[in-house]
Amino acid sequence: MDPSEVAVFSNRGPTKEGRIKPDVMAPGTAILSTASRDLDSRSDRRVEYGICLDDDWMFMSGTSMSTPLVAGCIASLRQAVRIKGVQAPSAALIKALLINGTIDIQESADKGKSTSSTPAAPNGLQGFGRVQMSQSMAALSTNPGCRFVDAGDGKVVPPLTPQDRWWESGPIEILKSDSSLVATLAYCDREGQLLQNDLNLIIRNAYGEERHGNCSTGSQFDGQNNVEKIVWMGIGPGSAYLRTEAVGGFTRFNDPQGFAAVWAVM
């Protein structure tokens with residue numbers, strides 16, 4: 001029941017194709033929940049994860065506990081986005097907001113350090129990390145360096161096409177030398193075993209250095225996942241830029257590719 005650990009019964013990734021799964025994780029062990037009235041008050045199942053003196057309630061574990069928690073977070077994020085003026089936010093935007101705020105549970109357990117036995121997120125153990133609503137909401141704040149974009153047909157920012165293959169933010173001002181920039185790209189790709197349209201997330205700091213989504217070094221790119229995240233600690237002061245670009249050819253129908261990108265200076 002340690003929030004910095006993954007439950008032993010939780011499924012691990014990646015998928016057969018090598019994609020990052022799970023996406024996120026949330027508390028799902030020993031959660032106080034409603035009890036069925038058909039369950040005998042003397043049943044051992046009532047005390048499997050803890051004792052509750054009220055027969056209408058019992059402690060339970062599993063995705064039936066964690067999923068409603070995340071669903072509530074998603075509903076709150078969607079409401080917050082609508083308050084910001086986006087009345088029909090895409091699923092990609094809500095997913096990007098949720099993942100942008102996740103916390104690497106292994107780094108939190110190791111006080112900010114990852115080892116070979118506890119690699120940094122994302123990975124098949126925890127996905128992009130544990131949901132943290134306060135950090136997910138950061139991109140919706142009015143603070144400098146915090147913003148989101150929801151690109152697609154009929155939106156302020158148009159989708160990417162074979163003719164217009166990239167989009168770049170305006171300058172993201174980093175005021176402090178110890179600031180971190182957290183950014184996430186998400187998009188709804190067409191069905192298929194592999195990516196049909198491959199988009200990359202790139203951040204360039206004021207010194208010309210780059211970081212690429214889901215990659216530990218600036219020279220690699222992720223060609224498997226339709227969600228990419230960058231956590232750049234100590235990015236350095238000055239103007240940074242976020243760029244989303246399409247790689248290779250637009251497959252299948254050469255249709256426009258919408259996307260969502262969110263970022264927050266921490």
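These questions and answers go through parts of a predicted model.

Student: In what order do the 4 strands of the open sheet stand?

Tutor: The pairing in this open sheet is antiparallel. β3 (147-151) and β9 (227-233) each have a single partner strand, so they stand at the edges. The order is β3-β11-β6-β9.

Student: By how many degrees are neighbouring strands of this sheet turned against each other on average?

Tutor: The angle is taken between neighbouring strands, with direction ignored. On average it is 5°.

Student: Which residue in β11 is the bridge partner of Val182?

Tutor: Val182 falls in strand β6, residues 180-186. This strand pairs with β11, residues 259-265, in the antiparallel sense over 6 bridges. The bridge partner of Val182 is Ala264.

Student: Which helix packs on the sheet, and what angle does its direction make with that of β11?

Tutor: The helix is α2, residues 91-100, and it touches β3, β6, β9 and β11. Its direction and that of β11 make an angle of about 30°.

Student: Why is α2 said to be largely enclosed by the rest of the structure?

Tutor: A residue is buried if its relative accessible area is under 20%. Among the buried residues of α2 are Ala92, Leu93, Ile94 and Asn100. They belong to a set that packs against α1 (63-83), α4 (133-136), β3, β6, β9 and β11. The helix is largely enclosed because its buried residues number 8 of the 10.

Student: How many residues of strand β7 are buried?

Tutor: Strand β7 covers residues 198-204 and is mostly covered. Of its 7 residues, the number buried is 6.

Student: Which residue in β10 stands opposite Arg204?

Tutor: β7 pairs with strand β10 (residues 238-247) in the antiparallel sense, over 7 bridges. Opposite Arg204 in β10 stands Tyr241.

Student: Which residue in the hairpin of β7 and β8 takes a positive phi?

Tutor: β7 is joined to strand β8 (residues 210-212) by 3 bridges, and the two run antiparallel. Ile202, for one, stands opposite His212 in β8. The hairpin has 5 residues between the strands. The residue with a positive phi, near 85°, is Gly208.

Student: How many charged residues are in the lining of the second largest pocket?

Tutor: This pocket holds about 680 Å³ of space. It is lined by 23 residues, and the closest to its centre are Ser10, Met25, Ala26, Gly28 and Ser66. By class, 12 of the lining residues are nonpolar and 8 are polar, while the charged ones number 3.

Methods
Residues are numbered from 1 along each chain as its sequence is written. This is a predicted model: local features need pLDDT of at least 70, side-chain atom pairs count only at pLDDT 80 or more; totals for chains, interfaces and linings use all residues. Side-chain values use heavy atoms; hydrogens and water are left out. Two strands pair if DSSP finds at least two bridges between them. Axes are lines fitted to C-alpha atoms, for helices over the stretch in contact, and angles run from 0 to 180 degrees between N-to-C directions. Contact means heavy atoms within 4.5 Å. Buried means under 20% relative accessible area, exposed over 50%, partly exposed in between (1.4 Å probe, protein chains only). On a 1 Å grid over the protein atoms alone, a cavity is a set of points where a 1.4 Å probe fits but cannot get out, and a pocket is an open set with protein on both sides within 12 Å along at least five of seven lines; lining residues have an atom within 4 Å of a point. Grid points are joined across faces, edges and corners, and a volume is the space filled by probe spheres set on the points. Ala, Val, Leu, Ile, Met, Phe, Trp, Tyr, Cys and Pro count as nonpolar, Asp, Glu, Lys and Arg as charged, and the others, Gly among them, as polar.
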